[in-house]
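Please read the following model from the whole chain down to single residues. Keep the sequence at hand while following the text.

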Amino acid sequence: MPTLTKLYTMQEASQHNTKDDCWIVIDGKVYDVTSYLDEHPGGDDVVLESTGKDATDDFEDAGHSKSAKELLQSFCIGELDTASPIIPELEISSKREAVKYSEKLMDLTKQYWTIPVAIVGISVLVGFLYLHKK
């Protein structure tokens, strides 16, 4: 018989991203690791960087031992709700928006072209002054 667990969305889990309230998502399960942050051998920063996303790859890439994986199970508070979108605020951009972005970049380049030219000009001037003093 399946075990009933509380379901959390990725958005809910990502709101718990501080040292005082830290949840991570690994293999579709949600873990409240707040009480373990100070004891984590890699430091709390490593764990905090993995909040707000699926941290399965980060966890596996770190090469955790079997005992670490067993310890992780004690912090499980529920499962990830896969029926809801993983990142609901993420919008799919169209090609038209990409064009607008490139147009904005070109406008900025045209607007601020004087800064790199001025830097090069000053460098050349300083070089000439230095050579004339020799």
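The text below starts with the overall make-up, then follows the paired strands, and ends at the surface.

The model is predicted. Its protein chain has six helices and five strands. Read from the N terminus, the order of elements is β-α-β-β-β-α-α-α-β-α-α. The chain holds 134 residues, of which 20% count as buried. Looking at contacts between residues at least 6 apart in sequence, 67% join residues at least 24 apart.

The strands can be taken in order of their pairing. Strand S2, residues 17–18, pairs with S3 in the antiparallel sense over two bridges. Within this pair, asparagine 17 stands opposite cysteine 22 of S3. S2 and S3 form a hairpin, and two residues lie between them.

S3 then pairs with strand S4, residues 29–32, again in the antiparallel sense, here over four bridges. Two of the partnerships can be named: isoleucine 24 is bridged to tyrosine 31 in S4, and tryptophan 23 has aspartate 32 in S4 as its bridge partner. S3 and S4 also make a hairpin with two residues between the strands, and in this hairpin aspartate 27 takes a positive phi near 50 degrees.

S4 in turn pairs with strand S5, which covers residues 76–80; the sense is antiparallel and there are three bridges. Tyrosine 31 stands opposite cysteine 76 in S5. Tyrosine 31 is thus a residue to look at twice, being also the bridge partner of isoleucine 24.

Why is strand S3 described as largely enclosed by the rest of the structure? The strand spans residues 21–26, and five of these six residues are buried, so the rest of the structure largely encloses it. Buried here means under 20% relative accessible area. As background, side chains in a regular strand alternate between the two faces of the sheet.

The last stop is the surface. The protein chain exposes about 10500 Å², and carbon and sulfur atoms supply 59% of that area. Where is valine 120 placed? It belongs to helix H6, which runs over residues 114–133. Valine 120 has a relative accessible area of 51%, and therefore counts as exposed, the cut-off being over 50%. Together with Val124, Phe128, Tyr130 and Leu131, Val120 makes a nonpolar surface patch of about 540 Å².

Notes
Residues are numbered from 1 along each chain as its sequence is written. This is a predicted model: local features need pLDDT of at least 70, side-chain atom pairs count only at pLDDT 80 or more; totals for chains, interfaces and linings use all residues. Side-chain values use heavy atoms; hydrogens and water are left out. Patches are made of residues with over 30% relative accessible area and no salt bridge: like charges are joined within 9 Å, nonpolar side chains (Val, Leu, Ile, Met, Phe, Trp, Tyr) within 5 Å. Accessible areas come from the Shrake-Rupley method with a 1.4 Å probe; for residues, only the protein chains shown count as cover. A salt bridge is a side-chain nitrogen of Lys or Arg within 4 Å of a carboxyl oxygen of Asp or Glu. Buried means under 20% relative accessible area, exposed over 50%, partly exposed in between (1.4 Å probe, protein chains only). Two strands pair if DSSP finds at least two bridges between them. Contact means heavy atoms within 4.5 Å.
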